[in-house]
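Subject: Structure handover

Hello,

I am passing on the structure we spoke about. Please have it open while you read the notes under it.

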Amino acid sequence: IKTPDAWSVTSPGNPNQTEILNILASSADENGSPGAVTRSDLLSRMKERYKPARKTRSGTRPRELAPGTLTRLLAPLLKCEEITAEILPGSNKEKLYAITPAGRSRLQFDRLRQIKNPENRCFRRRRPGKGCSCCRPPS
């Protein structure tokens, strides 16, 4: 299982990655065995929960989650082995995503970080008391 040092690349700078882990963790069945979610299903669920990293200007339409953006959100999770991707049997394109034990640990770590750090202090001490992009909890 990865240590918190390995999570510093992705955790919790982007709350959308935590949402992806939440979706995959909630797909597990009662026995605790990991459930798998197809990419199309993950995209539709994430469209409801997506939080754009940049704010929109007034008068422009709100930002929506695109398939390419989902790919960029999944890449660091795959690299840190927090999720797995397998080709759906009988399909050449559709993938199944599942959370790994490292992903469950990271999800628990993110939840504890939100509880233990209500003042949004920076753990890397870059900007004490104000928080920064590396340590800002999901809003």
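The notes below go from the whole chain to the helix contacts and then to single residues.

Overall picture

Please keep in mind that this is a predicted model. The mean pLDDT of the protein chain is 76, with 68% of the residues at 70 or more. In residues 127-131 the pLDDT falls below 50, and this stretch has 10 contacts in the model beyond near neighbours in sequence. Residues 135-139 also have a pLDDT below 50, with 14 contacts in the model beyond near neighbours in sequence. Where pLDDT is low, the predicted coordinates should not be read in detail. I would therefore treat the contacts of those stretches with that caution.

The protein chain has five helices and three strands. Read from the N terminus, the order of its elements is α-α-β-α-α-β-β-α. The chain has 139 residues, of which 35% count as buried. If one takes the contacts between residues at least 6 apart in sequence, 55% of them join residues at least 24 apart.

Helix contacts

Two packed helices are described by the angle between their axes and the distance between the axes. Two such pairs are given here, and α4 takes part in both.

The first pair is α2, residues 15-26, with α4, residues 67-79. Their axes are 10 Å apart, and the helices pack at an angle of about 75 degrees. That angle makes α2 roughly perpendicular to α4. On the α2 side, the contact involves Asn 16, Gln 17, Ile 20 and Leu 21, which meet Leu 70, Leu 73, Leu 74, Pro 76 and Leu 77 of α4. Sorted by class, seven residues of this contact are nonpolar and two are polar, while none is charged.

The second pair is α3, residues 39-49, with α4. Here the axes come within 11 Å and cross at roughly 100 degrees, so α3 and α4 are roughly perpendicular to each other. From α3 the contact takes Arg 39, Leu 42, Leu 43 and Met 46, and from α4 it takes Pro 67, Leu 70, Thr 71 and Leu 74. Six of the residues in this contact are nonpolar, one is polar and one is charged. Leu 70 and Leu 74 of α4 appear in both contacts.

Single residues

Glu 19 is part of helix α2. Is Glu 19 buried or exposed? Its relative accessibility is 16%, so Glu 19 counts as buried. The side chain of Glu 19 makes a polar contact of 3.2 Å with the side chain of Arg 49. Setting aside residues up to four places away in sequence, Glu 19 touches Met 46, Arg 49 and Lys 51.

Asn 22 is in helix α2 as well. Which residues does Asn 22 contact, leaving aside neighbours within four places in sequence? They are Arg 49, Leu 107 and Arg 111. Arg 49 is thus in contact with both Glu 19 and Asn 22. Asn 22 and Gly 103 are 81 residues apart in sequence, yet their C-alpha atoms are 9.6 Å apart.

Lys 93 sits in the loop between β2 (83-87) and β3 (95-99). With a relative accessibility of 75%, Lys 93 counts as exposed. The C-alpha atoms of Lys 93 and Arg 39 are separated by 9.7 Å, although the two residues are 54 residues apart along the chain.

The last residue to look at is Glu 81, in the loop between α4 and β2. Most residues other than glycine have a negative phi. Glu 81 is not a glycine, but its phi is positive, at about 60 degrees.

Regards

Key
Residues numbered from 1 in each chain as written. Predicted model: local features only at pLDDT ≥ 70, side-chain atom pairs only at ≥ 80, totals over all residues. Heavy atoms only, no water. Axes fitted to C-alpha atoms, helices over the stretch in contact; angles between N-to-C directions. Helix = DSSP H or I, 4+ residues; strand = E, 2+ residues; numbered from the N terminus. Parallel < 35°, antiparallel > 145°, perpendicular 65-115°, else oblique. Contact = heavy atoms within 4.5 Å. Nonpolar A, V, L, I, M, F, W, Y, C, P; charged D, E, K, R; others polar. Buried < 20%, exposed > 50% of the residue type's maximum accessible area, 1.4 Å probe, protein only. Polar contact = N/O pair within 3.5 Å; in protein donor to acceptor, adjacent residues only side chain to side chain. pLDDT = per-residue confidence, 0-100.
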